[in-house]
Amino acid sequence: LAFTEGILTLEGIAGKLLKVDLSRSRIFDDKLGESLVKDFIGGVGIATFLFLKTAKTESHPLSEESRLILMTGALTGTGVVGGNKTTLVARSPLTGIWGEATFSGMVGIELKRAGYDGIIFQGRAKLPVYLWVSDGQAELRDARRLWGMDTVETCGAIREELRLKDVRVAAIGPAGEKLVRLACVMTDDSRAAGRCGIGAVMGSKNLKAIAAKGDGNIEVADQDRFKELNKEALRRIAEKKPLPFGTAGSVVAFEEMGNLPIKNWTAGSFLGASALSGQTMAQTMRASKKACFACPIACGRHIEIKDGPYAPLQGSGPEYETIACLGSLCLNDNLESIAKANDVCNRMGIDTISTGGAIAFAMECYEKGIITIEDLGGVKLEWGKSEAIVEMCKLIGKREGFGAVLGEGVRIAADKIGKGAEKFAIHVKGLELPAHSPYRFKEMGLAYAVSNRGACHNRGSPAYVSRGFLSPEIGLDTKTDGFTITGKGKMTKIHQEACLVTDATGICKYVVFFGGLDLSLLSELYSAVTGYQTDLDDMMKKAGKIWLMQRAFNVRLGITRKDDTLPSRFLKDHLKDGPTKGQTVDLDPMLNEYYNERGLDEEGKPKQDIQENSSSF
Amino acid sequence: LVATRKPISVDVIFAGSIAKEIFGEEHMVVLLEQGEATLEGLVDKLDKKQEGKISQILHSPNISILLNGQDIEFLKDKNPILHEGDRIAIIPLVAGG
C-alpha cells in the first residue's frame, strides 16, 4: 500500500501498523510511512487518512466490509504530560456518518510499547475473537467464553487467561455484542471510547476485545529538549491546579450560568445541582483522585458507596457529562443512583451521554402521553425517578424491553415511536447532545451543528473561550460573551482545529486548555519527540485539512446544510426560567460565517476537491 | 412623613473551588438596605463580613461575577442596581465537562 512506503526516521512513534482481516483470521504487519506522519500528525489525523483510504463510503457500518481503525496519538505513551490518547474511527451505526471516539485508556500505550501505532480491522470473524498484541506479535484468540460477559469481567478474564496482570484491554460489553447503537468500548482502567456506537462496530465484527502488552521503549528524538519542555508543562499545571474536584466540580457553576442541561433541555434552573457536585461526591462517596497515564491533574474519581439501595459499589465515579445527562437532564438529583447507572453503563458498554439523552427523551414522551407504562414494560419513566433510570440503563445495555427502542438512539427511537416524538429527540445528525447549553453558549450550538460526528463538545469546544480559557497562541485571546453570535464562526473553526491537534498528538484537552500546556508548547514537544521540525501554524493547517477530509466523507453520504442544524427547540422555543430565559439560537448567521471561514459553499460542501488536492491520496 | 423602604434580599453563591475552602459556605442570603443595593454595595457589605476577602478575590482575572447568570464583564453597567431575589454568583474559571 502506498501509505506504508518510505523509511521512517521519526521518533515517538513505532512505525508499524497491524492489519487484521477478521474474515480470514489473518494478520499482517504494515509499515507506517513517514510522509503519512508528516502530513497527518498522528492519532485521529492518520486514522482519518487510513479510514478514507481503505473503507468504502457506502459500506454499512455493521457490515462485514466495514472498517475499524485504531490509532495512537503521535505523543501517546512518550511521557509527554497528558499524552495518553488513542482514537477509534469507523462509520457510525448511530449516525450513519463519520464516527470517531478518542479515549485515554492504557491499551493504546501498551500497543505502542509492543511496537504498533495502530490497527486496521476489516471483515467479520466467524466466531467471537479477541486480538492479543505483545512485543511485535499479534494473534486472534477464541473469545467464545467471553461472549456475554460485561466489560469488567471481560478484562479480568483476559488477564487471567494470558496470566499477565499488567496486560491492558479495551472491550465491548453485552451491548456491543447485541449491536446496540449506543454501545461504547471500555478500557480496563474505566475510560470509554464512548460516542458514535463504535462498540456495535466491534460487536458486528465478533471482536470482543483488544489486549496489549509491550516492553519496548518509545524513543524520543531530542531528550534534553523534551525534558525541558515537559518540565515547563508540569510547572504550569502545578501553578494552575485545574479541576480540584474533578470534572463534576463544575456542576454548580454551570447551573448558575445556565450551561447545565435540565429536563431534556426544557428548564433553566435545577435545585438539585449542589447534590450532584464533585464536592458532594467527595463528601459522601469517599471520592479519591484517579489519574490517566502521565497526567498530574487526575480529573477522574474512584468512589465507594457502602450503604443504601445502590451499595455496595466501588469503582470509577461519574464524570460531569454523565452526572448531567443521567442527572439534571432527567431531573434526577440522586447522586448515588447516577453512580450506579454509570457503573451499569460502563459494565454493559453503553455511552452515558447518549443513554442519558435517550432516557430524558423517553421521560418527555411519557409525560406527553406519547408512550405508555405498557410501552415501557412497567418501568415508570417519570422525571427524577432514579430507580427507573438505573433500570432503563440495564434494559438498554441488554437490548430488552423498551431499552431495545432507546438503544437505537433518539433519532431512530422517535421514528419507531411516531406520534410527533421527534420533537423531543434532542440530537444533531443522530448523536445526542452533550451537557453544554447552546442557549447559554451560542458557539456551542454552532459547534454541535457542524461537528463531523454530530453533537459533540470535544471536536471543538469554543465555549472554553467564553468561560475564560483563552488560547492566545491561536488568536483566541479575548474572553467573549456566550450570549452573542458575532465572530463565533471563526472562533469555532479555530477551536475545532485546535482539538484536532490535541487528538492527533494524543494529548488530553484538559492538560492543554485548562492546564496551560498551550498549543505552542505542544507543537514544540511534538518536534522534540518526533524529530520532525514543525510549528503550530503548520499543525493547525494540517488539522484544517483533516477536518475537510472528514467533511468530504460526510458530504458523500448526503450531508448538507440542512443537516448542520440544531433540534428545533433551541431555534424556536424559549426557556421560561433561569439564566437563559428567553434565549434562542440564531444559527444561520453563525453558519454563514463558519462556512466562509471553512471554505465551504452555501450548501456546506468543500469548494475544492479535497481528495484530488490532497498530496497523500 | 418619611417614606421607608424594606431592605431587599439577594442570594450570593460561591461556586467551585472557592466555595467552602475560602468562604466556608456555598450560599448566603444577604439583606441590602436602600442606598447599598448595588453590586459594589454588596461587595462592601460582604467584605465587612469576610474581612476583605471578596474584593481581594475579585481582583483576580480568574474570577467571574454572574448576575442572574449574566457575566458582569459583558453588562454595560458594571455596578448594576440589585433587585429583590437577584442571584449573584462568584465563580472561578470553571474547567470540566
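Where in chain A is the place of A:Ile41? In this predicted model, A:Ile41 sits in the loop between α1 (34–40) and α2 of chain A. Its phi is near 70°, a positive value in a residue other than glycine. A:Ile41 is also buried, with a relative accessible area of 1%.

Helix α2 (residues 43–54) of chain A packs on a sheet. That sheet is open and has six strands. Their order is β2-β1-β6-β3-β4-β5 (chain A), and the pairing is mixed. The edges are formed by β2 (26–31) and β5 (98–103) of chain A. Each has a single partner strand, so one side of each is left without a neighbour in the sheet. On average, neighbouring strands of this sheet are turned by 15° against each other, direction ignored. Helix α2 touches β1 (16–21), β3, β4 (86–91), β5 and β6 of chain A. The direction of α2 makes about 155° with that of β3(A).

Within the sheet, strand β3 (residues 67–72) runs antiparallel to strand β6 (residues 118–122), both of chain A. Five bridges join these two strands. Here A:Met71 stands opposite A:Gly118 in β6(A).

Most residues other than glycine have a negative phi, and most peptide bonds are trans. A:Ala298 has a positive phi of about 55° although it is not a glycine. This residue lies in the loop between β13 (288–290) and β14 of chain A. A:Ala298 counts as buried, at 8% relative accessibility. A cis peptide bond joins A:Ala311 and A:Pro312, with omega about -10°. A:Pro312 is found in the loop between β14 (300–305) and β15 (313–316) of chain A.

Key
Residues numbered from 1 in each chain as written. Chains lettered and ligands numbered in written order. Predicted model: local features only at pLDDT ≥ 70, side-chain atom pairs only at ≥ 80, totals over all residues. Heavy atoms only, no water. Pairing = 2+ DSSP bridges. Helix = DSSP H or I, 4+ residues; strand = E, 2+ residues; numbered from the N terminus. Axes fitted to C-alpha atoms, helices over the stretch in contact; angles between N-to-C directions. Contact = heavy atoms within 4.5 Å. Buried < 20%, exposed > 50% of the residue type's maximum accessible area, 1.4 Å probe, protein only.
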